[in-house]
Amino acid sequence: MISEYRIDHMKSEAFFQKSQEIIGRISQAGSIGISGHRNPDGDCIGACLAMKAYIQDHFPQAKVSVFLDDISNKFKFLPGAEEVRFAKAEDETFDLFLALDCSDPDRLNHHKDYFMEAAYRITIDHHITNEGFGDLCLVVPGASSTCEILFYMMGEEEISLPCAQALYTGIVHDTGVFAHTNTGRMTMEAAGALLEKGVNSEEIIDRSFYRRTYVQTQILGRALIESIMILDGRMIFSKVTRKDMRFYDVDSSDLDSIIDQLRLTGNVDCALFLYELEDGSFKASLRSSDRVDVSRIARSFGGGGHVKAAGCTMVGRVRDIVMNIAQEVENQLDNPVSEDDD
Ligand SMILES: [Mn+2]
C-alpha cells in the first residue's frame, strides 16, 4: 500500500493535484527558505537552485534564499550558485521552507531548525527510505532524481533557461550521466525537453561530472600505471600512499575517480583501491561485477556498502591486506551462490 505522500507515477492525477497544492503554497508565501541534505550532491544543489529560479520567475514578490553546506567548486558555474547562503540572519523567519532531495529531517543538518521553525514545511524527494515529514510531502521513489520530479511538477512551459540548467545538472548527476538503472523513459523525456530549452549539455556534463584538476589527473595516472592484476586477471588493485599524496599535494577527495577507472579494466570481477590514512591504516574501496558481492567482503572486515560498491578500513601491510581481500574474492568466485539461496 502506498501512503498518501508517496506517489508512483508523475503522469497521474494524484501527482498533478499534489503539485498544484505545492505551487499554491509557494504563491502565498512572502519569505521562502530552501535546503537539502548535508554534503549536497548535484541533484540536491540542482533542485535547490532550480526551485529558487522557478520562484523568482513566477512569484517575484517572494523573498527566497537557498541554504546549503559548502558547495563544491564544480557546481559554482550554475546560475544562482554564488548566492547560496549557509546561515540565516538572527531575526529571519520563513512563511514556507522547502526540504529537497532530503530523506529525513536530520540530514538537513545545520538547517534542520530553519525547516522545523518555519510556518509551513514542504518536502519533495525521491529516496525510497523517506518516511514522510513536513506539513506537505511529495515522495516519488520511481523518479531518477529530485530534479526529475521538479521538472514534472513545474511543467515544461514554466521552466526558464537558468532553471533548466539546474534541473539538467541534477538529473545528470543522480543517473551517472543517464547510465544507472534509475534512468527511465520519463527521465529521458525530461532531459530532452530541457535540451530544447537551450541547456548546454556538453558543458554541464564536462564541468560538473568529468572534469578533473591537473593533480587529480596526475594521481589517477599514477594509480593506474602502478595497478596490478591478480587472480589470473579476475581482480585488479592499486594503492596510493601518504607519501604519494604529499608529492602530488592531493587529499582523499582527489582520489574519488580512481576506483571506477580500475573497475572498467578487462574482465575483472573485482577492483580494489587502497589509500593510506594518516594513522597508517588503509581505506579500501571495492567495486565488483555481478559475480562478486563486495558488501559481504567489506562487512567481514568491519565496513559496509552495497553489493557492487563497498568499503572498509584495514590495518597492516599492503601485501597482507590485498591477499586477505583477494582470498575472499576467490572464495566467492569458486563457490558461486545461486540466486535461490538468498
Ligand atoms: Mn537525489
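Colleague: Let's start with strand E3, residues 96–100: is this strand largely enclosed by the rest of the structure or left open?

Modeller: In this predicted model, we can go through strand E3 residue by residue. Five of its five residues are buried. Strand E3 is therefore largely enclosed by the rest of the structure.

Colleague: Which residues of E3 point one way, and which the other way?

Modeller: Here a general rule helps. In a regular strand, side chains alternate between the two faces of the sheet. In E3, all of the residues concerned are buried, with Phe97 and Ala99 pointing one way and, the other way, Leu96, Leu98 and Leu100.

Colleague: Where does E3 sit in its sheet, and what is the strand order?

Modeller: Let's build it up from the pairs. Strand E1 (residues 31–36) runs parallel to E3, and five bridges join the two. E3 also pairs in the parallel sense with strand E4 (residues 120–125), again over five bridges. Together with two further strands they make an open, parallel sheet of five, in the order E2-E1-E3-E4-E5.

Colleague: Which strands stand at the edges of that sheet?

Modeller: Look for strands with a single partner strand. Such a strand has one side without a neighbour in the sheet, so the edges are strand E2 (63–67) and strand E5 (136–139).

Colleague: How much does this sheet twist from one strand to the next?

Modeller: Picture stepping across the order E2-E1-E3-E4-E5. From each strand to the next, the average twist is 15°.

Colleague: Which residue of E3 is the bridge partner of isoleucine 34?

Modeller: We need the pairing between E1 and E3, which is parallel. The partner of isoleucine 34 across that pairing is leucine 98.

Colleague: What stands opposite leucine 100 in E4, and what hand does the crossover to E4 have?

Modeller: Leucine 100 faces isoleucine 124 in E4. Between the two strands, the chain passes through helix H3 (residues 112–117). This β-α-β crossover is right-handed.

Colleague: Which residue in E5 stands opposite aspartate 125?

Modeller: E4 and E5 run parallel and are joined by four bridges. Opposite aspartate 125 in E5 is valine 139.

Colleague: Which strands does helix H2 lie across, and at what angle to E1?

Modeller: Helix H2 covers residues 42–58 and lies across E1, E2, E3 and E4. Another helix, H1 (residues 13–28), lies across E1, E3, E4 and E5, at about 135° to E5. For H2, the angle to E1 is about 165°.

Colleague: Is helix H4, residues 146–154, largely enclosed or not enclosed?

Modeller: Every residue can be named here: Thr146, Cys147, Glu148, Ile149, Leu150, Phe151, Tyr152, Met153 and Met154 are buried. That is nine of the nine residues, so H4 is largely enclosed.

Colleague: Threonine 146 is in H4, so what is its relative accessibility, and which residues does it contact?

Modeller: Leaving aside neighbours within four places in sequence, threonine 146 is in contact with Asp43, Ala47, Leu100, Asp101, Ile124, Asp125 and His126. Threonine 146 counts as buried, with a relative accessibility of 0%.

Colleague: How do helices H5 and H7 cross: parallel, perpendicular or oblique?

Modeller: The axes of H5 (residues 161–174) and H7 (residues 201–210) come within 10 Å and cross at roughly 55°. H5 passes H7 in a right-handed crossing. The contact includes Tyr168 of H5 and Ile204 of H7. The two helices are therefore oblique.

Colleague: There is another open sheet, of six strands; what is its order?

Modeller: Its pairing is mixed. One of its pairs is strand E9 (residues 282–288) with strand E11 (residues 309–314), antiparallel and joined by six bridges; there alanine 284 has cysteine 312 as its partner. The order is E6-E7-E8-E9-E11-E10.

Colleague: Is leucine 231 buried or exposed?

Modeller: Leucine 231 lies in the loop between E6 and strand E7 (235–240). Its phi is near 50°, a positive value in a residue other than glycine. With a relative accessible area of 16%, under the 20% cut-off, leucine 231 is buried.

Colleague: And aspartate 249, buried or exposed?

Modeller: Aspartate 249 sits in the loop between helix H9 (242–248) and helix H10 (258–263). Although not a glycine, aspartate 249 has a positive phi of about 55°. At 65% relative accessibility, aspartate 249 counts as exposed.

Terms used
Residues are numbered from 1 along each chain as its sequence is written. This is a predicted model: local features need pLDDT of at least 70, side-chain atom pairs count only at pLDDT 80 or more; totals for chains, interfaces and linings use all residues. Side-chain values use heavy atoms; hydrogens and water are left out. Buried means under 20% relative accessible area, exposed over 50%, partly exposed in between (1.4 Å probe, protein chains only). Two strands pair if DSSP finds at least two bridges between them. A crossover is right-handed if, with the strands pointing away from the viewer, the path from the first strand over the helix to the second runs clockwise. Axes are lines fitted to C-alpha atoms, for helices over the stretch in contact, and angles run from 0 to 180 degrees between N-to-C directions. Angles under 35 degrees count as roughly parallel, over 145 as roughly antiparallel, 65 to 115 as roughly perpendicular and the rest as oblique. A crossing is left-handed if the near helix is turned anticlockwise from the far one by less than a right angle, and right-handed if clockwise. Contact means heavy atoms within 4.5 Å.
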